[in-house]
Structures are given as structure tokens and as C-alpha cells.
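Grab a pencil and open the viewer. Here are some exercises to work through, each with a solution you can check step by step.

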Amino acid sequence: MARKTRGRTTLGVIVGNRGFFPGHLCETGRADIVRILEEEGIDAVLLDVETTKYGAVMTLDDAKACGNLFKANRDRIDGILITLPNFGDEKAVANTIRYSGLNVPVLVHAFADEIGAMGIQDRRDSFCGKMSVCNNLKQYGIPFTLTTLHTVKPDSPSFRADLQRFAAACRVVKSLRNARLGSIGARPASFNTVRYSEKLLERSGITIETLDLSEVFGRANKRKESDPEVQRKLEEIAAYVDVAGFPRDNLVRMASLGVVVEQWMDDNDLSGTALQCWTSMEEYFGIVPCTIMSMLSSSLIPSACEVDITGLVGMYALQEASGRPSALLDWNNNYGDDPDKGVVFHCSNLPKEVFEEIRMDYHEILSGTVGRENTLGTIQGRIKASPFTYCGIATDDLNGGIAAYAGEGIFTRDPLLTFGGYGVVQVPKFQKLLRYICENGFEHHVSSNMSQVADSIEEALGKYMGWKMHRHGESSAHE
């Protein structure tokens with residue numbers, strides 16, 4: 001399956017204006033914002049300067065014109081940026097969003113005044129106008145995101161970072177509200193942990209399609225080694241990881257499984273899968289699916305083990321925020337006596353991008369029960385040192401909602417010798433996080449990504465998806 005590509009984020013831009021404030025600031029401010037968005041790789045939909053004065057919104061007619069423009073581009077627009085070169089008209093801004101009919105994230109930005117330009121011809125008062133806009137957005141029931149600084153120059157590093165965080169949140173929200181994910185096989189019988197509510201996910205726009213393992217095995221067993229698709233997948237596996245010395249028959253079964261899963265995903269327009277990886281797979285098909293799952297995740301098509309659908313949702317959200325492959329791990333062991341360190345682990349199906357180096361092997365844990373010859377396919381290695389973002393998601397069936405937590409830490413270089421896919425993590429106030437996980441009924445699985453996108457995840461899942469959101473640690477964007 002080809003690696004998934006991500007298009008550019010597109011923002012609808014509202015330039016606010018108020019008649020008795022300097023209009024020329026809107027003209028130059030609009031140009032500055034357009035330039036900065038282009039430099040940051042973000043597309044813009046905004047009024048032409050011929051359509052309204054300075055291409056800004058100030059009157060009810062301006063709001064209708066801008067709202068209609070956004071409505072006509074609703075399939076393109078991922079979020080809305082409100083920018084205030086001067087005080088702005090709060091009603092026009094709020095009405096624009098209402099007329100657009102869009103339900104997307106909103107970022108509110110205000111230009112900063114210059115100390116030496118506070119006369120009547122150059123004074124912005126955007127500092128004050130931003131409060132009025134936010135007040136009206138609250139009245140209209142429109143959730144919004146704030147920049148790190150109350151007023152900020154568009155070409156500053158602070159605002160550029162705000163834009164990128166906001167764009168990431170927009171991608172997460174857009175992806176989750178239209179997500180189609182696959183559930184392959186029943187959850188492992190002894191794993192009540194990964195129970196979830198399809199109905200609560202559906203209410204948030206996340207559809208789950210199911211496929212029984214018997215169908216997977218039946219379709220895969222009909223595939224022959226001579227099948228061109230099987231040959232293609234064998235070549236992809238060999239290019240992904242060294243397969244020298246492993247039985248050809250096992251590799252053919254592995255490739256056949258990969259072809260079947262990909263075809264089913266294509267047929268059902270799925271963006272990710274969660275799969276029953278033990279023990280039916282080993283007992284009745286004779287391999288572990290880890291390599292195929294690792295390759296999918298590496299291609300930005302996340303694949304979660306143990307039919308952990310909510311873990312898959314976390315992987316997908318992190319991936320959409322960062323543009324990098326995600327992994328599903330266990331919060332698995334203490335690391336000596338250090339309260340802020342721990343060991344994370346899976347058997348594993350982690351994407352190769354997270355490892356120092358990888359090798360294919362037999363499944364250490366399952367070999368003793370299902371036979372070593374039936375367990376080829378794990379991707380093993382140490383996770384490389386890196387900052388990372390973690391995310392846990394659970395459907396709270398008893399209270400009728402979805403809950404999530406997120407935060408950031410680092411993978412360290414601390415010594416550790418074990419098997420599977422593993423690493424040592426350092427998380428500030430780790431014991432407090434572990435207590436929160438246990439007291440609130442989250443599972444031991446955690447989605448992770450080699451990036452620092454917790455701010456975007458917090459905004460996307462909490463403010464815009466409407467989930468109960470816990471952010472562990474300080475928010476780096478708003479310290």
C-alpha cells in the first residue's frame with residue numbers, strides 16, 4: 001500500500017475592521033497575514049480587496065459575503081483564522097462564522113501596537129478588540145483558540161508556532177470527524193481492557209467497520225505464491241526488513257495477509273486498522289501479523305494490536321497532528337527506583353521509524369504456547385532517544401462520553417536489555433500521571449508519536465471534539 005500523503009492545511013481568514021480605526025492597517029495587515037501563511041505552508045481562503053473595503057469584514061453585508069465565500073469552500077477549509085489589524089467589528093466577525101455554517105476550529109489573532117505609533121493615524125487597539133471578539137464568540141457558542149501572546153506580530157516566531165499548532169489541531173479534528181477505521185477479529189478473550197463503545201465513537205464522526213478473522217484466513221488461503229499481488233508484497237516486506245534465513249512458506253502467508261488487509265481497507269475506504277494479533281492468528285494461520293502492521297503504520301496507515309480501537313484513534317490523532325508514524329505501546333515496567341522513568345514495550349508491530357534499528361524475529365512470549373514455528377513476524381529493536389507525545393483515549397460508556405489524556409516526555413538512552421520493541425521513557429510527574437490513568441479507568445496501552453504535539457491534541461480533542469480532556473504537565477504553548 002502506498003504511503004499516505006497529507007495535503008496542505010487551508011484556513012478561512014477573516015480580517016476584522018472597524019470604521020473609525022485606521023483602515024490602512026487592514027490593508028497592510030491582510031498582506032502580512034497572507035504572506036506569513038504562505039511561508040508556513042498554509043493555504044488561505046479570504047475576501048478579495050475588490051469585494052469589500054481592504055478585503056475585511058465590518059458590516060453585515062461584509063459578513064454575508066465572507067460567510068458565503070467560506071460556505072462555497074467548505075470542503076477545503078480546515079479551520080478559521082480571525083486576524084485583527086485594528087479593533088475590528090466583533091459582530092461582523094461572529095456573524096461571518098455563523099453565515100458560513102462551518103463547524104471548524106477558530107484561531108483569534110490580534111496585531112500588536114507599536115509604542116512609537118500610538119497616535120490617531122496608527123493606533124490599532126487590537127488588544128482591546130480581541131476581548132470583544134472573544135466575548136461575542138462565547139455568546140454565539142463558537143469555540144476558539146487563542147494565540148500564546150494576547151497581541152503578537154504575524155512574522156514573530158511565537159505566532160508562527162501558534163499557526164503550526166493550530167493547523168495540527170485542525171487536521172486532527174477534520175480527520176476524526178470523518179474517520180473510517182477497521183476492526184479485524186474479536187478482541188482477545190482475556191482483554192476486557194480494550195472494550196469500547198462503537199456508538200459513542202460514531203457520535204463523534206468515527207465509523208468502525210468490522211471483519212471476522214475467518215474471512216481473513218479464508219481469503220488469504222486462496223492466495224498463491226504466484227499471485228502478482230503476493231509477489232509485490234513479498235518484495236515490499238524484503239525491502240522493509242531483512243528476511244534472510246526465514247521460511248518461505250511463513251513469508252508467503254505474511255504477504256497474503258497483507259494483500260487481504262489492504263484490499264479490504266481499500267474497498268471500505270479505511271484510514272487505519274486494529275487487529276486481533278493473538279492467538280487465533282498463530283494457531284490457525286501460522287504467523288504473527290506484526291510485520292504487516294508495522295509496515296502499515298510506517299506508511300501513515302496506523303495499525304493497532306489487540307483490537308484496540310481507541311488506541312488506534314489515539315495513533316491516528318497523533319499522526320494527523322505531526323505527519324509522522326504513531327505506535328501503540330504498553331506502559332509496562334518501572335525503571336529501577338526513578339519515579340519519573342518507566343519502560344514501554346510491545347511484542348512488536350511498531351513502525352520502523354521509531355527504532356534505532358530493526359530485525360524480524362519469532363514471538364518470544366507466544367512461542368511457548370502456540371509453537372515457535374507459528375510466530376514469525378515480530379519487529380524487534382530499541383526505540384531511539386527522542387521527545388515524544390503520548391495519548392490515551394477511552395469511551396466512557398457509563399457517563400455517555402469519550403475521555404482522553406495527553407502529554408509529552410522523552411525516550412532516553414538509559415541502559416536496558418530485553419526483547420520486543422522497547423524503550424525507557426522519562427515523563428515529568430510520572431507517578432501523578434499513572435495515578436490518573438488508574439483512577440480514571442484508562443487501559444495500559446498508550447499511543448505515542450515522535451513529536452511534540454500535545455498542545456494541538458489537547459485543543460483538538462477537548463475544545464473541538466468535546467471530549468473530557470486531561471493534559472498532564474504544563475502546556476508548553478501557554479506557560
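**Exercise 1. Find the loop that holds Thr 279, and work out what kind of peptide bond leads into it from Trp 278.**

Solution. Before you start, keep in mind that this is a predicted model.
- Step 1: Look between β8 (272–275) and α10 (280–285); Thr 279 sits in the loop there.
- Step 2: Check omega for the bond from Trp 278 to Thr 279, and you'll find a value near -5°.
- Step 3: That peptide bond is cis.

**Exercise 2. Now do the same for the bond that joins Cys 347 and Ser 348.**

Solution.
- Step 1: Go to the loop between β11 (341–346) and β12 (359–362), where Ser 348 is found.
- Step 2: Read omega for the bond between Cys 347 and Ser 348: about 25°.
- Step 3: So you've got a cis peptide bond here too, joining Cys 347 and Ser 348.

**Exercise 3. Describe the backbone angle phi and the surroundings of Leu 300 and Val 307.**

Solution.
- Step 1: Leu 300 has a positive phi, about 65°, although it isn't a glycine.
- Step 2: Val 307 isn't a glycine either, and its phi is positive at about 50°.
- Step 3: Place them: Leu 300 is in the loop between α11 (290–298) and β9 (303–305), while Val 307 is in the loop between β9 and α12 (309–322).
- Step 4: Are they buried or exposed? The cut-off for buried is under 20% relative accessible area. Leu 300 comes in at 9%, so it counts as buried, and Val 307 has 4%, so it counts as buried as well.

**Exercise 4. Explain why neither Cys 391 nor Cys 438 is in a disulfide.**

Solution.
- Step 1: Recall the cut-off: two cysteine sulfur atoms have to be within 2.5 Å.
- Step 2: For Cys 391, the closest cysteine sulfur belongs to Cys 305 and is 16 Å away, so a bond is out of reach.
- Step 3: For Cys 438, the closest one is in Cys 391 at 17 Å, which is too far as well.
- Step 4: Zoom out, and the whole structure holds zero disulfides.
- Step 5: Compare their settings: Cys 391 is buried, with a relative accessible area of 1%, but Cys 438 is exposed, at 65%.

**Exercise 5. Work out what surrounds Gly 377.**

Solution.
- Step 1: Find Gly 377 in strand β13 (residues 376–382).
- Step 2: Its relative accessible area is 0%, so Gly 377 is buried.
- Step 3: Skip the neighbours within four places in sequence, and list the contacts of Gly 377: Met 254, Val 288, Cys 290, Thr 291, Met 360 and Asp 361.
- Step 4: Try one distance: Gly 377 and Pro 247 are 130 residues apart in sequence, and their C-alpha atoms are 11 Å apart in space.

**Exercise 6. Decide how compact the protein chain is for its length.**

Solution.
- Step 1: Count the elements of the protein chain: 15 helices and 18 strands.
- Step 2: The radius of gyration is 25 Å, close to the 23 Å that the globule rule gives for 479 residues, so the protein chain is as compact as a globular protein of that length.
- Step 3: Check the burial: 59% of the 479 residues count as buried.
- Step 4: Look at contacts between residues at least 6 apart in sequence: 77% of them join residues at least 24 apart.

Note on methods: Residues numbered from 1 in each chain as written. Predicted model: local features only at pLDDT ≥ 70, side-chain atom pairs only at ≥ 80, totals over all residues. Heavy atoms only, no water. Helix = DSSP H or I, 4+ residues; strand = E, 2+ residues; numbered from the N terminus. Rg over C-alpha atoms; globule rule 2.2 N^0.38 Å. Buried < 20%, exposed > 50% of the residue type's maximum accessible area, 1.4 Å probe, protein only. Contact = heavy atoms within 4.5 Å.
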